[in-house]
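Q: Please take a close look at one part of this model, the salt bridges. Which side chains take part, and are they buried or exposed?

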Amino acid sequence: MLAVGNDELWRRFCQAAGLDSLGEDPRFATNQQRLARYDLATKKTRVLTEHIPWDVDGFDLSDDGRTIVFVINEDGIAKLHVLDTATGRERAAPKLPAGQISGITFRPKSPEFGFTLDSAKSPSDAYSHDLA
């Protein structure tokens, strides 16, 4: 997994890695649009959030690489998504109150992840969800 902090660093990383076409690809024009899988063996890129017209605010990859949990900002409300990396299909995500999600982190060697949810009714509640 690779995370690049801003648009300029992304372009510089792509240039240094010999991936100039990715740095110029409009699908990855902003940091929020770059949740994608790049296969080092085939040099093919698959955008994982192409079907979602919203910005990606945060994500984490499970230790086994099978699942990505990510947050989408849908008109100011955070929505949690769970993606199976092998099939590219979304799995059921937990139902949550409206608010902002931050700090998504998988527990090491586990299908459980935790995060913080800030809402109008309850600021900074800690949540965990087990995908098993």
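A: What follows goes through the salt bridges one by one. The model is a predicted one, and a search of the whole structure finds 3 salt bridges. Side chains of opposite charge can pair when their charged atoms come close.

One of these salt bridges lies within helix 1 (residues 7-16), where Glu8 and Arg11 are 3 residues apart, about one turn of the helix; the closest N and O atoms of Glu8 and Arg11 are 3.4 Å apart. Glu8 has a relative accessible area of 41% and is therefore partly exposed, and Arg11, at 36% relative accessibility, also counts as partly exposed.

Another salt bridge joins the side chains of Asp64 and Arg66, with an N to O distance of 3.9 Å, and here both Asp64 and Arg66 are exposed.

The remaining pair is Glu112 with Arg107, whose closest N and O atoms are 3.4 Å apart. Glu112 has a relative accessible area of 16%, so this residue counts as buried, since buried means under 20%, whereas Arg107 is partly exposed at 48% relative accessibility.

For the surrounding fold, one may add the sheet, an open one in which 4 strands follow the order 3-4-5-6 with antiparallel pairing. Strand 3 (55-61) and strand 6 (90-91) are the edge strands, each pairing on one side only. Strand 4 (residues 67-74) and strand 5 (residues 77-84) run antiparallel and are joined by 8 bridges, and Ile72 stands opposite Lys79 in strand 5.

Definitions and conventions. Residues are numbered from 1 along each chain as its sequence is written. This is a predicted model: local features need pLDDT of at least 70, side-chain atom pairs count only at pLDDT 80 or more; totals for chains, interfaces and linings use all residues. Side-chain values use heavy atoms; hydrogens and water are left out. Two strands pair if DSSP finds at least two bridges between them. Helices (H or I, at least four residues) and strands (E, at least two) are DSSP runs, numbered from the N terminus. A salt bridge is a side-chain nitrogen of Lys or Arg within 4 Å of a carboxyl oxygen of Asp or Glu. Buried means under 20% relative accessible area, exposed over 50%, partly exposed in between (1.4 Å probe, protein chains only).
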